[in-house]
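Biologist: Please take a close look at one part of this model, the sheet and the elements around it. I would like it described strand by strand, and then set in its wider context.

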Amino acid sequence: MKEIVIISGKGGTGKSSICAALADLLQEDLVVADCDVDAADLHLILSPQASSSEDFYSGLIASIDPDKCINCGICKTACRFDAIELINDQHIVSGLDCEGCGYCYHVCPQEAISLEEQKVGQFMISETRFGCDLVHAHLGIGADNSGKLVAKVKSIAKDHGKKLNKNLLLVDGSPGIGCPVISSLSGADYVIYVTEASLSGLSDLQRVHELVAKFQVPGACIVNKADINPTVADKIHRFLTREKILHVGDIPYSEDFPKAISMGRTLIEENSEWWTPVFTKIWQAIKEKI
Amino acid sequence: MRVAIASGKGGTGKTTLAVNLATKAAETKSTVLVDLDVEEPNGALFIGGTPIAEHNAKRAIPNWDNVQCTLCGKCTSWCKFNALLKLGEMILVMPNLCHSCFACSELCPVDALPMQDESLGRISHFRKDKLDFVESRLDIGLEQASPLIGQTLSYIDSHLPGRELQILDSPPGTACAMVSAVKNADYVILISEPTPFGLHDLRLAVETIRQLKIPFGVVINRDGIGNDDIYQYLADEEIKLIAKIPHLRRIAELYSQGAMLYQEVPQFDAALTKILNTILESL
């Protein structure tokens, strides 16, 4: 099973819309994994049914037993994350700041600190109307384990795909270049970059490509909103040539993107006559490379 | 006053709003704009400016001292991030998994894991007319944005104290990086767009800001696309709708060139005035 990750660096370039369109085009051939766990939106288009869901625990969080605590403050001094506060003469752990390193637990002379497993999110396996299944997740507020949740979603999706004899795992990645993106790239066979013809789009593509190059994963690029700024589109094309990234298509600025999202449709469902040939051509070019 | 501009969904106009708001505010108030989207910072494309200072941000990583180490292996059980491994007669440190908690280093009975600074990223300070602009860039390949965000905010506190207005351009999402950027703000502006994606991610962002107990309001960008569900949501939840920015191709074109909008697009300038007034009233 081949694993293709869709990333962009910049948010809002059309990753999820393009991922949904490819799922629509390829139908039963694949499993889709939504690894933008911070802002997972793919389910709003693929409208999955019959979800099976499971809680995801990762990392620890400290808590202080007020009955045992003698307010010596050793834990507060040890903590590098300013996660222990003194409120009304009581040492308290701030859940959002605690990284679960356990340093406080080890230094507490009263054994007043305990470490508990933290529920950081939920993952689900769902059926879609396209015949492909979707593995997706929901991350809790402010959680710092999105990389681990991405790894979990990917490994569930991989096992699920292998069980069903699918040829392809299509991963919708996160914006940025940090832990969720790094986690989505690990083990990937191919990358699809979705960028837009703006200076920000180009700058973010360059940074995310520098990251991908460390993983030595080959890739193809779709330039969205290409007619918004032909000069920048041209710069992007030159960058792709120089970096040996396959340029698989320019997509003009189109109101079909928000329209389709608003109707809960894929681009192909929104306007098949226009979009089916566009994505067929894109997919043919990518298929030859994987 | 510290105002953070955030959104759950990426690409909804955080940077557009931040750079325009800061530039306009700087005409009358001492203002600093801080680009905290350290993974993909874009503010500099719009602001430019003269470089004032550069600062290399560091993070501390344990460095194994094979002479001191007795191979007791306790450090590997202390580390909750699996950043230390005992392999035969050596301790292997995996920097990318390390959270710089110092536990292994300070608990080691023979001081065999002294902390050593490694590069984390770069904080750059520019000035454009009366506006101070600070951006940070995370080194490519590093996973954790939050420590650099924290250091950037400390830089502002120590080098640019007393500015009347600090405008923070936050990273997208609702995970740790976004929380690190907004948690000490006096006011948060959430910017979204009227599509189901925009609404879904706005809900998550609202939940986050409510949990942090920070006053906030919402700006809707690209008004005219999608549907009205987001406005219904704001009304139902009694969330302040600060302003709407119309959906105009001209805005997308100017944005793509890295151009300022408010001098060019009157509807955008009107929205900006409302936003600025809302911020000042919230004081």
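Modeller: Two strands pair if DSSP finds at least two bridges between them. The model is a predicted one, and everything below should be read with that in mind.

I start at one end of the sheet in chain B. Strand S10 (residues 216-223) of chain B and strand S11 (residues 241-246) of chain B run parallel to each other, with 4 bridges between them. Because at least two bridges are required, these 4 are enough for S10(B) and S11(B) to count as a pair. One bridge can be named by its residues: B:Asp223 has B:Pro246 in S11(B) as its partner. The chain passes between these parallel strands by way of helix H8 (residues 229-236) of chain B, and S10(B), H8(B) and S11(B) together make a right-handed β-α-β unit.

That pair belongs to an open sheet of 9 strands in chain B, whose order is S3-S6-S7-S2-S8-S1-S9-S10-S11. The pairing in this sheet is mixed. Its edges are strand S3 (50-62) of chain B and S11(B), each of which pairs on one side only. On average, and ignoring direction, neighbouring strands are turned by 20° against each other. In a regular strand the side chains alternate between the two faces of the sheet.

The antiparallel sense also occurs in this sheet. Strand S6 (residues 115-128) of chain B and strand S7 (residues 131-138) of chain B pair that way over 8 bridges. Here B:Lys128 stands opposite B:Leu131 in S7(B).

Next come the helices of chain B. Helix H7 (residues 196-212) of chain B lies across strand S1 (2-6), strand S9 (187-192) and S10 of chain B. The angle of H7(B) to S9(B) is about 170°. Angles over 145 degrees count as roughly antiparallel, so H7(B) is roughly antiparallel to S9(B).

Helix H1 (residues 14-25) of chain B packs with helix H10 (residues 266-281) of chain B at about 70°, the axes being 10 Å apart. H1(B) is therefore roughly perpendicular to H10(B). H1(B) brings B:Asn20, B:Leu21, B:Lys24 and B:Ala25 to the contact, and H10(B) brings B:Leu272, B:Ile275 and B:Leu276. By class, the contact residues are 5 nonpolar, 1 polar and 1 charged.

Chain A can be set beside this. There, helix H1 (residues 15-26) packs with helix H11 (residues 272-287) at an angle of about 90°, with 10 Å between the axes. H1(A) is thus roughly perpendicular to H11(A). A:Ala21, A:Leu22 and A:Leu25 of H1(A) meet A:Trp275, A:Phe279, A:Thr280 and A:Trp283 of H11(A). Of the residues in this contact, 6 are nonpolar, 1 is polar and none is charged.

Chain A also has an antiparallel pair, formed by strand S6 (residues 113-127) and strand S7 (residues 133-139) of chain A, with 7 bridges joining them. A:Ile125 stands opposite A:Val135 in S7(A). The hairpin has 5 residues between its strands, and A:Gly131 in this hairpin takes a positive phi near 90°.

As for the wider layout, the domain assignment divides chain B into domain 1 (2-58 + 122-281) and domain 2 (64-113). Their C-alpha centres are 40 Å apart. For chain A the assignment gives domain 1 (2-47 + 128-287) and domain 2 (60-119), with 41 Å between the C-alpha centres.

Finally, the chains touch each other: 51 residues of chain A are in contact with 50 residues of chain B. Among the elements that give two or more residues to the chain A side are helix H5 (146-163), helix H7 (199-215) and helix H9 (256-263) of chain A. H7(A) gives the most, 8 residues. The chain A side holds 21 nonpolar, 19 polar and 11 charged residues.

Terms used:
Residues are numbered from 1 along each chain as its sequence is written. Chains are lettered from A and ligands numbered from 1 in the order in which they are written. This is a predicted model: local features need pLDDT of at least 70, side-chain atom pairs count only at pLDDT 80 or more; totals for chains, interfaces and linings use all residues. Axes are lines fitted to C-alpha atoms, for helices over the stretch in contact, and angles run from 0 to 180 degrees between N-to-C directions. Angles under 35 degrees count as roughly parallel, over 145 as roughly antiparallel, 65 to 115 as roughly perpendicular and the rest as oblique. Two residues are in contact if their C-beta atoms, placed from the backbone, lie within 7 Å. Ala, Val, Leu, Ile, Met, Phe, Trp, Tyr, Cys and Pro count as nonpolar, Asp, Glu, Lys and Arg as charged, and the others, Gly among them, as polar. A crossover is right-handed if, with the strands pointing away from the viewer, the path from the first strand over the helix to the second runs clockwise. Domain bounds come from an automatic or database domain assignment.
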